[in-house]
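Thanks for making the time, everyone. I would like to walk through this structure slowly, for those who have not seen it before, and I will begin with one pair of strands and work outwards from there.

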Amino acid sequence: MKKTFLLLGVLLTLSVASMAQAYKIGFSSPSITANDKYYLGQHFRDKYIIVDSAVAEAKTLTFQGKQKMNRGIYALLNAKKEQQFDFIVDDSQKFTISFDEKHSAPSMKATGSKNCQMMFDYMAKLDYGNTKAKEIQELAKTNKEQSDAQMKGLQEEMNTFLDAFRSSSANTLFGQIMSNTERVKVPEAIPEGSSETNLQNWQAIYYRTHYWDNVNLKDHSLIYTPQLFEKMNLYFFGVLYYQDADTITKYAYNVLDKVVDDSTMLRYFLDFIVPKYEHATKNIGWDQVFVNLTEHYYLSGKCPWSSEADRYSRYNTVEYLKPSLIGHFGTELLMADSNQSNNPDDWISSHYFPERYVILWFWDPDCSHCKTQSEELKQLYNQMTKEGNRRFEVYAIGYEADVNKWKRTFRERNYPFVNVGGSNVNVDYQAAYNVHSAPTMIILDCDREIILNKSIQSTSIIPFLDQYEKQHPEKATKVTKWMRPSKYYQNKQH
């Protein structure tokens, strides 16, 4: 009887110990040195989240913990937190991985994890394909015909492998992860009934629309894989990079609205893309995308993780940016010229000019880049004035508290612009146009609406205006109340 109780006690102890270990992942390799420290890194966007650390014994290393790990792709990191290799964690949270000194894919073996072994087999086959391809490329230097035949055979072999892999892995975690990397197949012809006649444009729209077709955004494990990050980064800052703000916003909504009920996935996207649109100082229209996304998600209450203080801060930022966004009416500036008159009736308007466009040019006498850009702008201005086809006026605001320095500088450099500056001004122009540095360029159209709020090279101004009129032909001939000289414009002093 006593032995029976002792045995029962041992079994209970083992049972409790087993329950306490939610995961146990072991590694064995000749390259593991006793007393070296290692880390488990969980992939999250373009970084690692350190989830555990352990000190190695000779040739072996074990990580174990009481809380179950998230499914996804992890990395073994050395003491310097440098990646050694990736592996997958699925529902099988107790397994071992062995590998050689070089961490070569063919040597990687996982015991106790079907998905992990599948991942290593896949990597080994790709390594084989890459090695064979390099050998065939070398052969091509001496025997092109033979190398072509071998390369064709290799391609057929790899395609057969990939087809078989897709079929056999469709219902596995690793198979689902890898399907996210597959590029959407774009039709080679426009379908009948489409209103689009340009094949390239139609294919581009199709690709943007169907980009996420292979991705199961309801699978949380994707958050902890590099594949989802790469997919997201390429889409927003590659595929959509050159699109206008309205187009970027449209496709962003299409993706984000699919995960709006999943706060974890929504935050995964928003916390990465929104700051990039907010802080992009050179990308035209990206500030508008930032405002759109912030209002549509954060300020509308769709982000439960966002605190009241955070929303208040975002609201203030949005309200600050709005007046300077493309499409908004530009705030009329009234500023003193070199006479520095204290009488507002003498100040020059930024809006009343006979030219169709106005370039607001914020420059600093001490800024070397301002000097270079201003010289280029002056050359363009003078050239077009001489040819009699200047479509714009330059309203140059001296971004300098020292009025004498500002006046001396523009006179020495013989700037032919409407030169204004000093403290005699009707509004805070820095706030009105979100100007934080010099040089900054704002272009207003005939309605004095903002059509550009990022600095571009002087050589790009005319192509930009031509493209704008192509997209908005009504603006090319429209005459507005602003297109007449103000009282003091004719007598402006340089």
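**Two sheets, two pockets and a few details**

Let me start with strand β11, residues 357-363, and strand β12, residues 392-398, which are joined by seven bridges and pair in the parallel sense. If you would like one position to hold on to while you look at this pair, take Ile359, which has Val394 of β12 opposite it. Against the sheet here packs helix α11, which touches both β11 and β12 and whose direction makes about 155° with that of β11.

Before I go further, I should say that what we are looking at is a predicted model. The mean pLDDT of the protein is 90, and 94% of its residues reach 70 or more. The stretch to treat with caution is residues 1-18, where the pLDDT is below 50 and where, beyond near neighbours in sequence, the model shows one contact. Where pLDDT is low, the predicted coordinates should not be read in detail.

Now, back to the sheet that β11 and β12 belong to, which is an open one of five strands, with mixed pairing and the order β13-β12-β11-β14-β15. Which strands stand at the edges? They are β13, residues 418-421, and β15, and each has a single partner strand, so one side of each is left without a neighbour in the sheet. From one strand to the next, the twist in this sheet averages 30°.

There is another open sheet to look at, this one with four strands in the order β4-β1-β7-β8, and its pairing is also mixed. Its edges are held by β4, residues 60-65, and β8, residues 109-111, and because each of these has a single partner strand, one side of each is left without a neighbour in the sheet. Here the twist averages 15° from one strand to the next. Within this sheet, β7, residues 94-98, runs antiparallel to β8 and is joined to it by three bridges, and for Ser98 the bridge partner in β8 is Lys109. Lying across β7 and β8 is helix α2, residues 114-139, which runs at about 170° to β8.

Let me turn from the sheets to the pockets. The largest pocket holds about 980 Å³ of space, and of the 28 residues that line it, those closest to its centre are Asp244, Ile284, Ile326, Phe464 and Gln471. Which element gives the largest share of that lining? That is α14, with four residues, while the elements that each supply at least two residues are α7 (245-256), α9 (286-298), β15 (450-452) and α14 (461-471). Sorted by class, this lining is made up of eleven nonpolar, ten polar and seven charged residues.

The second largest pocket holds about 600 Å³ of space, and it is lined by 25 residues, of which Thr281, Ser437, Thr440, Asn453 and Lys454 are the closest to its centre. Two or more residues of this lining come from each of α10 (308-321), α11 (368-387) and β14 (440-444), and α10 has the largest share, with three residues. By class, this second lining has eight nonpolar, 13 polar and four charged residues.

I will finish with two details of the backbone that are worth finding on the screen. One is the peptide bond between Ala438 and Pro439, which is cis, with omega at about 0°, and Pro439 itself sits in the loop between α13 (429-432) and β14. The other is Gln340, which is not a glycine and nevertheless has a positive phi, of about 55°; where you will find Gln340 is in the loop between β9 (334-335) and β10 (348-349).

Definitions and conventions. Residues numbered from 1 in each chain as written. Predicted model: local features only at pLDDT ≥ 70, side-chain atom pairs only at ≥ 80, totals over all residues. Heavy atoms only, no water. Pairing = 2+ DSSP bridges. Axes fitted to C-alpha atoms, helices over the stretch in contact; angles between N-to-C directions. Contact = heavy atoms within 4.5 Å. 1 Å grid on protein atoms, 1.4 Å probe; cavity = no way out; pocket = protein on both sides within 12 Å on 5 of 7 lines; lining within 4 Å. Points joined across faces, edges and corners; volume = space filled by probe spheres on them. Nonpolar A, V, L, I, M, F, W, Y, C, P; charged D, E, K, R; others polar. pLDDT = per-residue confidence, 0-100.
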